[in-house]
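Colleague: Please take me through this model one question at a time, beginning with a single side chain and working outwards to the sheet.

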Amino acid sequence: MTTQRYPFMHSVMNYIHLSLVTILAIAMLSIFFSFWLTEKTDNDARAINLSGSMRMQTYHIALTMLNEPQQARHLISKLDRTWTSPIFANLNQAQTDHDLKTQFTRGYQNWFGQLRPYLLEKLSDLDVSELDLSLIEQQVAYTDSLVNQLQLDAEGKIRSLRTIQLLSLLVTVMVGSLIFYLLKNRVEEPLGQLTQAAKKIAGGELEQHIPVSGDDELGLLAKGFNQMSTSITETHKMLESRVAERTEELQLNNTLLSFLFENARAVLDSDSRHFDYQRVIKTLSELLQQPSLELCLFTARGELPYMQVEASETALHCKKTTCADCKSNAPFDSVEALGMVHRFPVNRGETQYGVLQLRSEKLSPLPAWKDQLLRSVADQFAIALSLNETREQEHRLAMLNERTVIARELHDSLAQALSYLQIQVMRLQKSHDKQKYEHHQAIIDELREGLSSAYRHLRELLTTFRLKIDTEGLEGALKQTIEQCRKRGQMRIEFSYGLQNLPLNSVEEIHLLQIIREACQNALNHSEGTVLRIRLAQTKDKAVSLQIDDDGKGLPENPEKLNHYGLAIMMERGKHLGGELEIGNRPQGGTCISLLFSPAYLNQAA
């Protein structure tokens, strides 16, 4: 895998690399020349020392020849070795300073060419008394000149070493300043701008521009960063636009759903007579932004609408003289002089209650959401009208059932009592015709008792017709009835209700309420007891069990003569519940009434 490299004319890294290489080269050259100069000056101190000793040796030879000539040859040989030392030999052969070489040559030639032969000649002749000291002084002068020249040469080398070191320091400082400048202006500042821009982008400020110029790496990075910022900004703006569109769409959908929900709740909470069609049409027109919206309601056989609801006063009424064209079971559109007319039938099953129509100036189909909204509203109108018909029909059926119940109650109680009275009147008439006046009083007593019983049954029927089971249900109605019985008598009534988890229909509740009420009245009027117990419970197989007993005197041998109509009616109600009512005496005394039946919901489930 190869790494792609981008060629840059003015690369920052190339500048830095070149500067580092320059610094390394300067350091290496400075070290090399310093080493070379120090290498050349290694023997300068020894040469100066030897040249200084040659001056002393010359004086020593002169003094020895005057005092001890036999020792002079040894000193001359020693001085010869000094002048021919390898240090001076290298100095003579190397490319050294011309003055130094000249001074060495003079001293060397003067020693070996003049002074040394002269001294040897004196020693050979054994004539050292007249020694020419001027030659000695001249040799010493040459030696001094050589020493001075060696010192000057060594000092020149040291000065050269200082110069090289100063030049190296200067070049190093210049190259370091250049590197600092490059790092400051070409690296640090662009990186700082990139860092600040990155922090702003991380903080949410996406639109950033970095004013970095140049053809180096950081310039390319800045251009890429600017392009990235522009792309991100455009993408963010596009996403914000999409989010705004989606939000607006969601808000519209939420508004439509809220509108449909409120309409559905209004449909379920009230009948069509109290349903505000005008409010719905006006709100729907505002949502659709279409003022020409109209609702026409007509009967199945009618030719003209009995109700027309417009969105505003400027809306155009339907100009049709007949509703035959609008009675259709499928949505359709038609083109009229005023523009496109969109009609939505208000249908429920096979019944059409009217039509919802919208006039548009544009000859184009409706958007999908408007079409769906109009269909939903038309369906809600149809449901409202259908529910109204259902409520009306339920009201008629309730009235018929109520009349049937009243007729049955009158037949079972008051009609039988009147029939009994009619029979007693016929007995009285026959007794009067046969002039059996001794039977009149008994018949009159029975008539009086029959009339009292009939009057009591009439009052009970009136009370029964006023009974109602309100929102508290059967339990509340039973408690209210028992409380009334407690106020009418002195018996203590114990009541236990155990049907909280068992649903009963309205017919079952009415029959149970009437049976318990009749039993309470019988116990108060005839039992002569002190305690009455009423237990309404649920068996294991979900049947309803009713137990009513008292501690009174119980039933007589012929109970049909005592309130026989009430007992018969209680048994009849037990049969209507699908059970059998049993009435008898308790072994310990008192009356016991029991009823067991299965609720209607069990039969429906089965």
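Colleague: Does Glu475 count as buried, exposed or partly exposed?
Modeller: The relative accessibility of Glu475 is 24%. As background, this is a predicted model, in which local features need pLDDT of at least 70, side-chain atom pairs count only at pLDDT 80 or more, and totals for chains, interfaces and linings use all residues. Residues are numbered from 1 along each chain as its sequence is written, and side-chain values use heavy atoms, with hydrogens and water left out. Since buried means under 20% relative accessible area, exposed over 50% and partly exposed in between (1.4 Å probe, protein chains only), Glu475 counts as partly exposed.

Colleague: With which residue does Lys479 form a salt bridge?
Modeller: A salt bridge is a side-chain nitrogen of Lys or Arg within 4 Å of a carboxyl oxygen of Asp or Glu, and for Lys479, itself partly exposed at 46%, the closest N and O atoms of the pair are 3.3 Å apart. Both partners lie in helix α11, 4 residues apart or about one turn, where helices (H or I, at least four residues) and strands (E, at least two) are DSSP runs, numbered from the N terminus. The partner of Lys479 is Glu475.

Colleague: Which residues are joined into one network by salt bridges that share partners?
Modeller: A search of the whole structure finds 11 salt bridges. Those that share partners form one network, and its members are Arg492, Glu494, Arg533, Arg535 and Asp549.

Colleague: How many residues apart in sequence are the parts tied together by Asp80 and Arg116?
Modeller: The side chains of Asp80 and Arg116 meet in a salt bridge with an N to O distance of 2.6 Å. Asp80 counts as buried at 10% relative accessibility, while Arg116 is partly exposed at 25%. Asp80 lies in helix α3 and Arg116 in helix α5, so the separation in sequence of the parts that they tie together is 36 residues.

Colleague: How many aromatic pairs are there?
Modeller: Rings of Phe, Tyr and Trp (its six-membered ring) pair if their centres lie within 6.5 Å, with planes under 30 degrees apart counted as stacked, over 60 as edge-to-face and the rest as tilted. By this rule the count of aromatic pairs is 6.

Colleague: Which of these geometries do Trp83 and Tyr108 form?
Modeller: Trp83 lies in helix α3 (residues 72-83) and Tyr108 in helix α5 (residues 98-125), so this pair ties together parts that are 25 residues apart in sequence. Trp83 is buried at 1%, whereas Tyr108 is partly exposed at 32%, and these two residues form one aromatic cluster with Phe104 and Phe112. The ring centres are 6.3 Å apart and the planes are at 70°, which makes the pair edge-to-face.

Colleague: What is the nearest side chain of opposite charge to Lys370?
Modeller: Lys370, in helix α9, is buried yet has no salt bridge; here Lys and Arg count as positive and Asp and Glu as negative, while His and the chain ends are not counted. Leaving aside neighbours within four places in sequence, Lys370 is in contact (heavy atoms within 4.5 Å) with Leu288 and Gln290. The nearest oppositely charged side chain is 11 Å away and belongs to Asp371.

Colleague: Which strands stand at the edges of the open sheet?
Modeller: The sheet has 5 strands in the order β6-β7-β8-β10-β9 with mixed pairing, two strands being paired if DSSP finds at least two bridges between them. Each edge strand has a single partner, so one side of each is left without a neighbour in the sheet, and these strands are β6 (492-497) and β9 (582-585).

Colleague: In which sense do β7 and β8 pair?
Modeller: On its other side β7 meets β6 in the parallel sense over 6 bridges. Between β7 and β8, Ala537 stands opposite Ser545, and their hairpin has 5 residues between the strands, with Lys542 taking a positive phi near 65°. Over 7 bridges, the pairing of β7 and β8 is antiparallel.

Colleague: In β10, which residue is the bridge partner of Ile548?
Modeller: Strand β8 is mostly covered, with 6 of its 7 residues buried. The strands β8 and β10 run antiparallel and are joined by 6 bridges, and in β10 the partner of Ile548 is Ile593.
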